[in-house]
Amino acid sequence: MSALARTVRSDLTESTFDGTAIALDGSGRVLASWGDPDEPLFYRSAIKPIQATVAQECGASLNPEQLAIASSSHGGFPIHIAVVRSMLAEVGLDESALLTPPSWPLGDAARDGLAAAGHRHPRPVYHNCSGKHAAWLRACVAAGWPTDSYLAPEHPLQLRVLAAVANVVAADSALAPESSVGVDGCGAPTPRGSARRLAQAFARLTVAPRYAAAASAVHRFPSLVADNHRPDGRLGAWWDGPLKVGAQGLIGAGRHGVGLAVKSRSGDRGASVIALIAMARRLGLLSDAAFDALADVAAPPVLGGGRPVGAIQPALAG
């Protein structure tokens with residue numbers, strides 16, 4: 001592993017965030033790399049644009065905003081919840097069909113808003129993966145597949161998802177059904193892979209016609225894919241291509257045939273975004289205007305007595 005970022009307070013490094021980062025082109029040629037890009041990881045939510053594409057191919061009939069929500073780890077704000085509910089209602093379902101575990105919104109402000117409005121209990125629709133699940137349910141209704149077992153690895157939908165993931169990450173062969181598949185936080189199967197494979201996937205997302213609709217939706221609606229508060233949502237608003245985080249400090253991004261992936265060993269999402277911005281800047285993939293607008297995301301201030309006394313800085317060597 002290699003240092004992605006470090007916390008500097010009053011000119012002293014207090015902590016470091018280790019991980020791996022890689023950028024490559026569509027042929028697999030490495031443009032930049034730190035750490036071990038082949039260390040195993042689970043793709044988690046970083047592959048949602050692929051999962052949403054399969055739902056669309058199976059008949060989900062999602063408009064661009066719905067496709068963005070299907071690809072999202074949304075913040076649980078009212079707009080996110082409204083879109084998920086409408087996705088279900090359009091096919092005669094309601095949120096009781098969701099198999100996401102009852103949760104509070106991922107966004108702090110969204111949680112506070114619910115509490116202020118008197119909501120006292122977590123709900124499946126608040127889960128950040130509820131958009132993906134709603135898209136899968138729409139696909140099941142369209143295809144005539146069971147809706148009560150759509151998360152089972154042997155379900156026709158999940159078999160198609162695993163095959164699509166194997167294809168887009170440029171795996172040498174189809175994924176083995178159990179040895180390479182874990183269980184995501186939302187209960188869905190999550191394939192095992194690597195940062196190198198994830199970067200390859202995002203390089204392909206920017207050029208492959210099959211994924212054009214999902215890539216475009218993620219690019220156009222970053223506030224639906226995340227929100228306007230999180231570092232990944234902020235970066236997404238300035239990123240010229242698809243960008244998507246996964247749990248445990250994973251993030252993938254693509255631009256004009258180049259794919260990037262970062263994984264923080266500690267699982268810190270902010271450190272991964274910092275490293276991704278630094279890598280993109282080195283490769284000329286982020287404009288000066290974007291970098292200036294993202295100054296507090298690229299190097300978040302460290303406070304002492306309520307004033308900045310340092311920052312969390314990128315630490316990619318070389």
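These notebook entries record what I looked up on helix packing, strand pairing and one salt bridge in a predicted model.

**Entry 1: helix α1 against helix α6**

I began with the helix pairs, since two packed helices are described by the angle between their axes and the distance between the axes. I took α1, residues 48–57, and α6, residues 156–168, and found their axes 9 Å apart at an angle of about 130°. The two helices are therefore oblique to each other. I noted the hand of the α1 and α6 crossing as right-handed. I then listed the residues that make the contact: α1 supplies I50, Q51 and V54, while α6 supplies L157, R160, V161, A164, V165 and V168. Sorted by class, the residues of this α1 and α6 contact are 7 nonpolar, 1 polar and 1 charged.

**Entry 2: helix α5 against helix α6**

I next examined α5 with α6, whose axes come within 10 Å and cross at roughly 120°. That angle makes α5 oblique to α6. Here I recorded a right-handed crossing. On the α5 side I found W136, A139 and C140, which meet L157, Q158 and V161 of α6. The class count for α5 with α6 is 5 nonpolar, 1 polar and no charged residues. I marked L157 and V161 for cross-reference, as they appear in the contact of α6 with α1 and also in the contact of α6 with α5.

**Entry 3: helix α3 against helix α5**

I turned to α3, residues 78–89, and α5, residues 130–143; their axes come within 9 Å and cross at roughly 10°. α3 and α5 are therefore roughly parallel to each other. From α3 I listed V84, S86, M87 and L88, which meet S130, G131, A134, A135, L137 and R138 of α5. By class, this α3 and α5 contact holds 6 nonpolar, 3 polar and 1 charged residues.

**Entry 4: strands around β11**

I looked up the pairing of β11, residues 307–314. Strand β1, residues 2–9, runs antiparallel to β11 and is joined to it by 5 bridges. Strand β10, residues 301–304, is also antiparallel to β11, with 4 bridges. I then followed A311 of β11: V8 stands opposite A311, and P301 has A311 as its bridge partner. Between β10 and β11 I found a hairpin with 2 residues in between, and G305 in the turn has a positive phi of about 65°.

**Entry 5: the sheet of β4, β6 and β5**

Which order do the 3 strands of the open sheet follow? I read the order as β4-β6-β5, with antiparallel pairing. I recorded β4 (41–42) and β5 (181–183) as the edge strands, each pairing on one side only. Over 2 bridges, β4 pairs in the antiparallel sense with β6, residues 189–193. Within β6, R192 stands opposite F42.

**Entry 6: salt bridges**

Side chains of opposite charge can pair when their charged atoms come close. I searched the whole structure and obtained 14 salt bridges. One that I inspected joins the side chains of D184 and R44, at 2.5 Å from N to O. D184 lies in the loop between β5 and β6 and R44 in the loop between β4 and α1, so this pair ties together parts that are 140 residues apart in sequence.

Conventions:
Residues are numbered from 1 along each chain as its sequence is written. This is a predicted model: local features need pLDDT of at least 70, side-chain atom pairs count only at pLDDT 80 or more; totals for chains, interfaces and linings use all residues. Side-chain values use heavy atoms; hydrogens and water are left out. Axes are lines fitted to C-alpha atoms, for helices over the stretch in contact, and angles run from 0 to 180 degrees between N-to-C directions. Angles under 35 degrees count as roughly parallel, over 145 as roughly antiparallel, 65 to 115 as roughly perpendicular and the rest as oblique. A crossing is left-handed if the near helix is turned anticlockwise from the far one by less than a right angle, and right-handed if clockwise. Contact means heavy atoms within 4.5 Å. Ala, Val, Leu, Ile, Met, Phe, Trp, Tyr, Cys and Pro count as nonpolar, Asp, Glu, Lys and Arg as charged, and the others, Gly among them, as polar. Two strands pair if DSSP finds at least two bridges between them. A salt bridge is a side-chain nitrogen of Lys or Arg within 4 Å of a carboxyl oxygen of Asp or Glu.
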